Amino acid sequence: KSSGIDLQNEASTSQKNDSTSKITGVAPKLSHVDKQGHAQMVDVGSKTESSRLSVATAKVYLGQKAFNLVKENKIHKGDVLTVAQLAGIMASKQTPNLIPLCHNIHITHAEVNLELDEKKLAVCITGSVNSVGRTGVEMESLTAVTVAALTVYDMCKAVSREIAISDIKLVKKVGGKSGDYVAT
């Protein structure tokens, strides 16, 4: 079972969606909007099931004091990295309850890793989600890293109010009709 955290293995069709509209001349359209411009849930009933993977990342810039306390596991609320990891995994499973129009999907694996970056005084978060289904898991991995980042913020806010959450982004997607994507 691939966790998808290794981003170096895939780079073939990363720009497929962006280049398709340039080649065909057809402008891309929003999938969650009907012809009248109203929000709608996408009907995935006729789509073929396939193995899906997505990986997202986020950073939490702590500043020196908070970073040192996290590194030494001396934050008053507890073990920041472990609590944030669990919060991220739990959040991935709650995505359809948090984001309107997201499908309730069967997640086969969710992983959240947090690493300390001494040079940037930051926590670097990577979230990976797998499923087998008719729709992707991008929102689940993005939700995982976002909630993990918010948890780091919550646990450290008593030490510093200058904590910044940044760089939340999808870095890899595998499976589905639109093909694979790897951020450049």
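What share of the contacts in the chain with a separation of 6 or more comes from residues 24 or more positions apart? The share is 74%. Keep that in mind as you visit the close-ups of this predicted model.

**Figure 1. The whole chain, from end to end.** Let us start with an overview. The chain has five helices and five strands. Read from the N terminus on, these elements follow the order α-β-α-α-α-β-β-α-β-β. Of its 184 residues, 35% count as buried. The accessible surface of the chain comes to about 10,800 Å², and carbon and sulfur atoms hold 53% of that area.

**Figure 2. Helix H5 and its buried residues.** Here you can look along helix H5, which covers residues 138–156. With 19 residues at 1.5 Å a residue, H5 should span 27 Å, and its end C-alpha atoms are indeed 27 Å apart, so the expected span and the model agree. Many names belong to the buried list of this helix, so here are some of them: it includes Leu-142, Val-145, Ala-149, Val-152 and Cys-156. Polar residues appear on the list too, among them Glu-140, Ser-141 and Thr-151. A helpful idea while you trace the helix: an α-helix has 3.6 residues a turn, so residues three or four places apart point the same way.

**Figure 3. Ser-92 and its contacts.** Ser-92 sits in helix H3, which runs over residues 80–93. Is Ser-92 buried or exposed? Ser-92 is buried, because its relative accessible area is 1%, and a residue counts as buried under 20%. Leaving aside neighbours within four places in sequence, Ser-92 is in contact with Ile-107, Ala-110, Val-129, Glu-140 and Ala-144. Two of these names may look familiar from the previous figure: Glu-140 and Ala-144 are among the buried residues of H5.

**Figure 4. A salt bridge between distant parts of the chain.** The structure holds four salt bridges, and this view shows the one between Lys-71 and Glu-118. Their closest N and O atoms are 2.5 Å apart. The pair links distant parts of the chain, with the two positions 47 residues apart: Lys-71 belongs to helix H2 (residues 64–71), while Glu-118 lies in the loop between strand S2 (107–117) and strand S3 (122–133). Lys-71 is partly exposed, at 46% relative accessible area, and Glu-118 is partly exposed, also with a value of 46%. As background, side chains of opposite charge can pair when their charged atoms come close.

**Figure 5. More charged pairs, and a small network.** Which side chain meets Glu-72 in a salt bridge? The partner is Lys-74, with 4.0 Å from N to O. Glu-72 counts as partly exposed at 46%, whereas Lys-74 is exposed, because its relative accessible area is 56% and the exposed class begins over 50%. Now move on to Lys-157 and Asp-154, whose side chains meet in a salt bridge of 2.6 Å, N to O. Through shared partners, salt bridges join Lys-77, Asp-154 and Lys-157 into one network. Lys-157 is partly exposed at 29%, and Asp-154 is partly exposed at 31%.

**Figure 6. A nonpolar patch on the surface.** Leu-150, Ile-165 and Ile-168 form a nonpolar patch on the surface. Together they offer about 230 Å² of accessible area. Ile-168 is part of strand S4, residues 164–174, and counts as partly exposed at 38% relative accessibility.

**Figure 7. Two leucines with positive phi.** Most residues other than glycine have a negative phi. Leu-101 has a positive phi of about 75 degrees although it is not a glycine. Leu-101 lies in the loop between helix H4 (95–98) and S2, and is partly exposed at 30%. Leu-121 also has a positive phi, near 55 degrees. This leucine is found in the loop between S2 and S3. Leu-121 is buried, because its relative accessible area of 19% falls under 20%.

**Figure 8. Two cysteines, and a count of disulfides.** How many disulfides does the structure hold? The count is zero. Cys-102 is buried at 14% relative accessibility, whereas Cys-124, at 21%, is partly exposed.

Methods. Residues numbered from 1 in each chain as written. Predicted model: local features only at pLDDT ≥ 70, side-chain atom pairs only at ≥ 80, totals over all residues. Heavy atoms only, no water. Disulfide = S-S within 2.5 Å. Buried < 20%, exposed > 50% of the residue type's maximum accessible area, 1.4 Å probe, protein only. Patch = residues over 30% accessible without salt bridge, like charges linked within 9 Å, V, L, I, M, F, W, Y side chains within 5 Å. Areas by Shrake-Rupley, 256 points an atom, 1.4 Å probe, with all protein chains shown as cover. Helix = DSSP H or I, 4+ residues; strand = E, 2+ residues; numbered from the N terminus. Expected span 1.5 Å × (residues − 1). Contact = heavy atoms within 4.5 Å.
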